[in-house]
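User: Got a model open here. Can you walk me through one of its helices?

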Amino acid sequence: MEKIPSGIEKNKIVYLNASHYHLIVKSILTIIMVIDAHQHFWTYDAITHQWIDDSMAVIRKDFLPSDIHLVMAENQIDGCVSVQAEQNSDETLQLLNYAASNDFIKGVVGWVDLQSTSIEEQLYEIQSYSLLKGFRHIV
């Protein structure tokens with residue numbers, strides 16, 4: 001593997017000549033992670049997922065981490081953020097379990113009832129999950 005020219009340090013501005021430019025770009029591309037920022041996982045259920053109409057029939061099936069891992073590797077995708085598809089806290093916990101078992105899931109955007117009178121208690125219960133990055137509330 002080609003080496004970065006001496007004198008180039010991380011987080012330091014350096015003036016380069018054209019001959020070093022291709023080396024720097026190549027090196028940067030090896031350290032940048034490519035992330036799929038919106039990935040759904042589910043075990044398909046016709047009632048729960050009734051929003052999947054005939055125009056989306058191709059996704060009327062299970063989508064689990066084991067289904068996507070190989071596709072991501074083949075396409076040089078380093079990880080994903082799992083996003084809730086259902087408006088219930090059980091799915092959020094399932095997505096967090098997937099993330100804990102699959103290191104390519106870098107974070108979870110889950111669901112809580114933001115209009116609930118017990119929102120503080122709900123947030124307290126899930127605050128310890130470091131892979132929980134935020135919430136999505138469908139309006």
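Analyst: Sure. This is a predicted model. Take α3: its buried residues are Glu91, Thr92, Leu95, Leu96, Tyr98 and Ala99.

User: Where do those sit around the axis of α3?

Analyst: On the same side of α3, because they cover an arc of only 155 degrees around the axis.

User: Any general reason for that kind of spacing?

Analyst: An α-helix has 3.6 residues a turn, so residues three or four places apart point the same way.

User: And which exposed residues are on the face turned away?

Analyst: Asp90, Ala100 and Ser101.

User: What covers the buried residues of α3?

Analyst: The cover includes helix α2 (65–74) and three strands: β2 (79–83), β3 (105–110) and β4 (132–135).

User: Back to the helix itself. What should α3 span, at 1.5 Å a residue?

Analyst: 18 Å for its 13 residues, 89–101. The end C-alpha atoms are 19 Å apart, which agrees.

User: What caps the N-terminal end of α3?

Analyst: Asparagine 88 does. One of its side-chain oxygens lies 3.1 Å from the backbone nitrogen of aspartate 90.

User: New topic. How many residues are in the largest nonpolar core?

Analyst: 15. Phe41, Cys80, Phe104, Ile105 and Val108 have the most contacts inside it. Two or more residues each come from α2, α3, β3 and α4 (119–126).

User: Which element gives the most to this core?

Analyst: α3, with 4 residues.

User: You listed Phe104. What does phenylalanine 104 touch, leaving out residues up to four places away in sequence?

Analyst: Phe41, Pro65, Ile68, His69, Met72, Asp78, Gly79 and Cys80.

Methods. Residues are numbered from 1 along each chain as its sequence is written. This is a predicted model: local features need pLDDT of at least 70, side-chain atom pairs count only at pLDDT 80 or more; totals for chains, interfaces and linings use all residues. Side-chain values use heavy atoms; hydrogens and water are left out. The expected span of a helix is 1.5 Å times one less than its number of residues. Buried means under 20% relative accessible area, exposed over 50%, partly exposed in between (1.4 Å probe, protein chains only). The arc is that of the directions from the helix axis to the C-beta atoms. Contact means heavy atoms within 4.5 Å. A polar contact is a pair of N or O atoms within 3.5 Å; within protein, one must be able to donate a hydrogen and the other to accept it, and residues adjacent in sequence count only if both atoms are side-chain atoms. A nonpolar core is a set of buried Ala, Val, Leu, Ile, Met, Phe, Trp, Tyr and Cys residues joined through side-chain atoms within 4.5 Å.
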